[in-house]
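Open the model in your viewer and set it to a cartoon view with side chains available. The stops below are given in the order to select them.

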Amino acid sequence: MPKRFVVAASEFPDLPRFPAGAELAEALTVASQQLHETLTPHSALRTAVRLAVHLMPGAEHAGISVIERGNKLRALAWTDEVVRSAESRYTGREQHGLWDQLWNSPVAQITDSEADDGWDVLAALGLRSALSLRLRADRRRLTVLTAYARKPGAFDEEATRVGRLFSAHVSIALDSATVREQLTEAMHTRDLIGQATGILMERQGIDASAAFESLVRASQRENVKLRDLARRIVGAHNTP
């Protein structure tokens with residue numbers, strides 16, 4: 001299960017708050033740099049929710065969640081506990097599912113949770129407006145950025161425009177961070193398998209090819225991933 005993060009919606013001194021006009025391009029450039037400096041998908045998510053509150057007009061809180069087919073929602077990052085509480089209470093049975101709309105549209109919005117039947121949970125938490133933006137989508141799941149506000153009608157066309165531009169940067173940064181993490185994991189896995197192969201060569205007096213084949217056969221026989229078996233061999237070898 002992905003790690004979960006709660007972060008403070010602190011100020012970014014080098015970004016104009018709720019930028020407009022020429023400032024918007026500059027603010028998005030700086031935001032993009034902040035996002036691409038993150039090293040993992042988790043840190044990209046954490047940075048994105050903070051930036052969303054700072055950049056999107058009307059936004060007071062923000063969260064990023066994954067929605068799976070069957071309306072199962074899992075919160076990944078949030079600016080504060082009110083967002084975590086709002087998203088953790090989502091059951092998928094709401095009359096007008098905000099996030100459900102994102103299977104068919106890149107944007108979904110709640111203008112006033114008190115006037116919209118089915119959103120009593122948000123209204124009870126004092127969250128009157130919500131603007132959701134699709135970050136990733138495939139047949140099985142969505143990744144969604146949602147901004148919240150305590151007043152009704154907080155998100156106008158400008159907020160939606162800024163949100164869509166910002167979410168495009170978040171999507172790219174998240175993809176880049178995911179690729180970097182996968183490459184790092186692949187390199188680590190290769191090193192582990194190499195070490196395990198070397199240990200088997202030494203123990204059994206065989207060459208590299210035979211050692212690797214032995215590792216693969218053991219992995220299949222024990223129904224264990226090759227990476228995990230290699231880690232186990234290396235760990236046992238390094239334990240006094």
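Start by selecting Leu174. This residue counts as buried because its relative accessibility is 4%, and the cut-off for buried is under 20%. The model is a predicted one, as with everything that follows on this tour. Leu174 sits in helix α5, which runs over residues 157–204.

Now show what surrounds Leu174. Setting aside neighbours within four places in sequence, its contacts are Pro41, Ala44, Leu45, Arg136 and Thr143. Then pick Leu135 and draw a C-alpha to C-alpha distance to Leu174: the two are 8.9 Å apart in space, with their positions 39 residues apart in sequence.

Next, select strand β5, residues 129–137, and go to Ser129 within that strand. Is Ser129 buried or exposed? Ser129 counts as buried, because its relative accessibility is 2%.

Show the side chain of Ser129 together with the backbone of Gly153 and Ala154. The Ser129 side chain reaches the backbone nitrogen of Gly153 at 3.0 Å. The same side chain reaches the backbone nitrogen of Ala154 at 3.2 Å. Widen the selection to the residues that Ser129 touches, not counting those up to four places away in sequence: among them are Ile110, Thr111, Ala147, Tyr148, Lys151, Pro152 and Phe155.

Move on to strand β2, residues 61–68. How many of its 8 residues are buried? The count is 7, so the strand is mostly covered, with buried taken as under 20% relative accessible area.

Add the pairing partners of β2 to the view. With β6, β2 pairs in the antiparallel sense over 8 bridges. To find a place in that pairing, select Ser65, which stands opposite Val144 in β6. With strand β3, residues 72–78, β2 also pairs in the antiparallel sense, over 6 bridges. Here, select Gly63, whose bridge partner in β3 is Trp78.

Finish by colouring the model by pLDDT. The mean for the protein is 85, and 87% of its residues reach 70 or more. Strand β6, residues 141–149, has the highest confidence, at 94, while strand β1, residues 5–6, has the lowest, at a mean of 38. Select residues 1–11: the pLDDT is below 50 over this stretch, which nevertheless has 32 contacts in the model beyond near neighbours in sequence. Where pLDDT is low, predicted coordinates should not be read in detail.

Methods:
Residues numbered from 1 in each chain as written. Predicted model: local features only at pLDDT ≥ 70, side-chain atom pairs only at ≥ 80, totals over all residues. Heavy atoms only, no water. Helix = DSSP H or I, 4+ residues; strand = E, 2+ residues; numbered from the N terminus. Buried < 20%, exposed > 50% of the residue type's maximum accessible area, 1.4 Å probe, protein only. Contact = heavy atoms within 4.5 Å. pLDDT = per-residue confidence, 0-100. Pairing = 2+ DSSP bridges. Polar contact = N/O pair within 3.5 Å; in protein donor to acceptor, adjacent residues only side chain to side chain.
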